[in-house]
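Here is a short report for a reader meeting this protein chain for the first time. Please look over the sequence and the structure before reading on.

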Amino acid sequence: MDTARITRYVSDLWDAEIVPQLVEYIRIPNKSPMFDKDWAAHGYMDAAVTLMETWARSKLPSLPGATLEVVRLEGRTPLIYIEVPGQSDDTVVLYGHLDKQPEMTGWSEGLGPWTPVLKGDKLYGRGGADDGYAIFGSLAALLALREQSIAHARCVILIEACEESGSYDLPHYVDHLAPRIGSPSLVVCLDSGCGNYDQLWLTTSLRGMTGGELTVQVLEEGVHSGDASGVVPSSFRILRELISRLEDSETGHIRPKELYADIPQQRIDQAKAAAGVLGNAIYQKFPFVEGMHPATEDLAELVLNRTWRPQLAVTGAEGLPPLESAGNVLRPKTSVKLSLRVPPTLDGAKAGEFVKQLLEDDPPYGAKVTFKLEKDGSGWNAPPLSPWLEKAVADASQHYFGAPAAYMGEGGSIPFMGMLGAKFPQAQFLITGVLGPHSNAHGPNEFLHIPTGKKVSMVVADVVARHFEQHARG
């Protein structure tokens with residue numbers, strides 16, 4: 001393999017075609033179904049699918065025998081299925097998603113979720129890095145191999161449209177397509193993060209997630225606070241008390257032992273190594289206000305906190321009027337949306353049921369308390385890397401990044417990984433991505449670091465070729 005030629009081909013393709021395609025993709029407000037209940041009627045998801053489908057079909061003639069189908073199961077988001085024949089009957093699955101998180105507030109002047117902006121080597125806008133580039137990067141890798149007539153196994157590209165909602169449609173597609181997918185020996189996922197933009201980062205684990213809407217109601221309607229306070233317990237105070245069952249308000253530690261899991265020693269060692277590589281960048285990548293500091297000064301503990309320990313975030317609220325219209329009223333109810341990240345090896349569904357019972361049982365003062373579960377995805381802990389893959393990753397990182405590969409868990413969730421890990425326990429996993437410092441997926445000012453997108457595409461090409469060589473050796 002001529003790595004310099006791989007570099008030129010992939011870089012040129014990104015500059016000439018992929019970046020312009022991503023610019024148009026960012027313009028489409030194809031929010032995931034959880035954030036757009038009328039997604040089918042609005043048509044934005046179909047528009048994103050059509051954009052990607054059109055570009056991918058234009059590349060199929062360069063991949064002899066390749067086929068593409070937009071699979072649509074009744075009542076579910078669509079899925080793009082691409083099959084590229086190879087020189088062996090072994091299978092590589094390459095995964096990504098095309099649905100997006102909602103707008104979020106706080107974008108800088110001139111930037112916006114659906115406004116693509118190129119600044120230097122960064123492309124701003126929602127979804128470019130999470131995870132619109134995946135289909136383009138995957139095909140770029142295969143096209144680069146074809147350009148040099150380098151052999152590879154049969155490849156299946158799966159691009160779903162429900163990941164940001166917990167991938168609840170995906171199991172149905174995996175079952176529906178199981179005879180066509182086959183039994184992959186390598187799974188490549190481009191929907192993860194990177195500790196920096198200087199080297200290849202492999203994701204070793206992903207936290208699971210549960211959560212939903214917690215509502216506390218104390219009255220049928222609002223009443224004068226001067227009349228009722230001290231008589232009617234505040235819904236907000238009761239809500240605080242309930243959340244304290246789950247989280248220590250002083251430390252942020254999750255209280256119930258049932259929501260923890262043992263951390264493997266290898267993951268502890270890798271967390272310490274990642275902390276050594278990144279140093280204070282572990283927390284300096286976040287836009288802290290002046291005077292703010294992280295939860296602890298122990299860098300390895302910060303890594304473990306965000307990768308292996310349960311953590312709670314309150315992501316939304318209802319029942320609170322805007323400040324300018326907040327009268328002296330004791331409000332009838334308060335609702336918040338809770339997002340609880342759980343350890344990679346914890347059962348997400350069981351964790352969700354545990355949290356529901358914890359919050360609803362024995363409500364203070366007999367208040368009406370409901371917890372509507374919305375998410376219950378389990379996490380994932382990667383199997384040990386085979387020696388061939390470990391060497392392939394190390395070599396590819398040196399070739400294209402000029403630095404050693406690094407390993408770290410991620411705090412987010414990719415439900416597909418746990419699903420495939422359970423279905424194909426013998427498969428090897430290459431989980432990586434472009435979501436590095438300040439890229440701010442899900443938040444304001446999200447961007448794609450274009451050089452990293454290029455290099456990740458090059459790495460995928462290299463590893464897929466090495467995978468075939470390993471298969472040929474038996």
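The report below moves from the whole chain to its cores and then to single residues.

## Overall build

This is a predicted model. The protein chain has 14 helices and 18 strands. Its radius of gyration is 23 Å, close to the 23 Å that the globule rule gives for 474 residues, so the chain is as compact as a globular protein of that length. The C-alpha atoms fill a box of roughly 80 × 50 × 45 Å along the principal axes.

Contacts reach far along the sequence. Among contacts with a separation of 6 or more, 80% join residues 24 or more positions apart.

## Surface and charge

Of the 474 residues, 55% count as buried. The chain exposes about 20,300 Å². Carbon and sulfur atoms supply 50% of that area.

The chain carries 42 positive and 58 negative charges. The mean positions of these two sets are 2 Å apart.

## Two nonpolar cores

In soluble globular proteins, nonpolar side chains tend to be buried together. The largest nonpolar core here has 74 residues. Those with the most contacts inside it are W14, L22, I80, I82, L98 and I135. Helix α4, residues 128–147, gives the largest share of this core, with 12 residues. Apart from it lies another core, of 27 residues. Its members include V71, C189, A382 and M417.

What does W14 touch, leaving aside neighbours within four places in sequence? Its contacts include V19, P20 and L22. Y133 is also in contact with W14. The list goes on with L448, I450, G453, K454 and S457.

## T432, a buried strand residue

T432 is found in strand β17, which spans residues 428–435. Is T432 buried or exposed? Its relative accessibility is 1%, under the 20% cut-off, so T432 counts as buried.

T432 and D191 are 241 residues apart along the chain. Their C-alpha atoms are separated by 6.6 Å. D191 is also one of the residues that T432 touches, not counting those up to four places away in sequence. The others are C189, L190, S192, L200, W201 and V456. C189 is also a member of the core of 27 residues.

## Unusual backbone spots

Most residues other than glycine have a negative phi, and most peptide bonds are trans. Three spots in this chain are worth a look against that background.

A cis peptide bond joins D130 and D131, with omega about 10°. D131 is found in helix α4. That helix also gives the largest share of the 74-residue core.

The other two spots are in one loop. D362 lies between α11 (348–360) and β14 (368–377), and Y365 lies in the loop between α11 and β14. Phi is near 45° for D362 and near 60° for Y365. Each value is positive in a residue other than glycine. D362 has a relative accessible area of 66%, over the 50% cut-off, so D362 is exposed. Y365 has 58% relative accessibility, so Y365 counts as exposed by that cut-off as well.

## R240, partly exposed

R240 has its place in helix α7, residues 235–246. With a relative accessible area of 48%, R240 is partly exposed. R240 and P322 are 82 residues apart in sequence. In space they are 20 Å apart, C-alpha to C-alpha.

Notes. Residues numbered from 1 in each chain as written. Predicted model: local features only at pLDDT ≥ 70, side-chain atom pairs only at ≥ 80, totals over all residues. Heavy atoms only, no water. Core = buried A, V, L, I, M, F, W, Y, C linked by side-chain atoms within 4.5 Å. Buried < 20%, exposed > 50% of the residue type's maximum accessible area, 1.4 Å probe, protein only. Helix = DSSP H or I, 4+ residues; strand = E, 2+ residues; numbered from the N terminus. Contact = heavy atoms within 4.5 Å. Rg over C-alpha atoms; globule rule 2.2 N^0.38 Å. Areas by Shrake-Rupley, 256 points an atom, 1.4 Å probe, with all protein chains shown as cover. Lys, Arg positive; Asp, Glu negative; His and termini not counted. Charge placed at Lys NZ, Arg CZ, Asp CG, Glu CD.
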